[in-house]
Amino acid sequence: KKASRSITFYSMQDIQRASSRVFDLVEGLDRLYQMINFCEGNECRRATIRSYFGEAPLQCDSPHERCDFCSGRLDPLVETNLLEEAKEVVTLLRSAKDKTTLRQLALNLRKKSLSHYFPASSKNPYLADVHNREKFLVFLVTTGLLQESFNSTAYSTNAYIQVSHKA
């Protein structure tokens, strides 16, 4: 047996494009969000894949057959409390006058002073990084705090971000 390796590169814009392609499919967005959570997740990849296909979710048991998460090959996870920042994003979206895409929201957060939108950021340097801010916004969507709504025209389908009923 030879171990397989996979590297997945994607950006927030890729997620937006994919969501506008699958939103009208049965379970389309759920499957997309599951894939994002698989890539960004903090649990055994083997168990996640087995569970996805309806098999019993077995953890990696042998050191030679461990996934990247169980083997410890990934950077160590750092638990970060972003509750106050999530509340700020919800407040920002609720006060928006126009429909906002995920990209527009991320750009607005980049343009403005981080401390303006995230007063708690002085205590939380995680969001100072652009990539982490995008991951944070995607996390809010995939966990259901924010939700996508879609508007189709003859030429394209746009995904807009709005606050979900869970917020």
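Visitor: Let's start with phenylalanine 23: what does this residue count as at 28% relative accessibility?

Guide: Keep in mind that we're looking at a predicted model. Buried would need a value under 20% and exposed one over 50%. Because phenylalanine 23 comes in at 28%, it counts as partly exposed.

Visitor: Which residue forms an aromatic pair with phenylalanine 23?

Guide: A search of the whole structure turns up one aromatic pair. Its rings sit 4.2 Å centre to centre with 10 degrees between the planes, and planes under 30 degrees apart count as stacked. The partner of phenylalanine 23 in this stacked pair is phenylalanine 150.

Visitor: How many residues apart are those two in the chain?

Guide: Phenylalanine 23 belongs to the loop between helix H1 (12-22) and helix H2 (28-40). Phenylalanine 150 is in strand S1 (residues 146-152), and it's partly exposed, with a relative accessible area of 21%. So the pair links distant parts of the chain, and the separation is 127 residues.

Visitor: What pattern does the protein chain follow along the sequence?

Guide: The secondary structure comes to eight helices and two strands. Read along the sequence, that gives α-α-α-α-α-α-α-α-β-β.

Visitor: What does helix H8 span from its first C-alpha to its last?

Guide: H8 covers residues 130-142, which is 13 residues. Its buried residues include Phe136, Leu137 and Val141, and just after the helix glycine 144 takes a positive phi of about 95 degrees. At 1.5 Å a residue you'd expect 18 Å, and the model is close to that, reaching 18 Å.

Visitor: Over in helix H5, which residue forms a salt bridge with lysine 87?

Guide: The structure holds five salt bridges, and this one has its closest N and O atoms 3.5 Å apart. Both partners lie in H5 (residues 83-95), three residues apart, or about one turn of the helix. Lysine 87 is partly exposed at 45%, and so is its partner at 43%. That partner is glutamate 84.

Visitor: And which residue meets glutamate 55 in a salt bridge?

Guide: Here the N to O distance is 3.2 Å. Glutamate 55 counts as partly exposed at 42%, while its partner has a relative accessible area of 23%. The residue you're after is arginine 50.

Visitor: Last one: which residue's ring has the charged end of arginine 45 over it?

Guide: The charged end of arginine 45 lies 5.5 Å from the ring centre, inside the 6 Å cut-off. The ring belongs to phenylalanine 38.

Terms used:
Residues numbered from 1 in each chain as written. Predicted model: local features only at pLDDT ≥ 70, side-chain atom pairs only at ≥ 80, totals over all residues. Heavy atoms only, no water. Phe/Tyr/Trp six-rings, centres within 6.5 Å; stacked < 30°, edge-to-face > 60°. Helix = DSSP H or I, 4+ residues; strand = E, 2+ residues; numbered from the N terminus. Buried < 20%, exposed > 50% of the residue type's maximum accessible area, 1.4 Å probe, protein only. Lys NZ or Arg CZ within 6 Å of the ring centre and 35° of its normal. Expected span 1.5 Å × (residues − 1). Salt bridge = Lys/Arg side-chain N within 4 Å of Asp/Glu carboxyl O.
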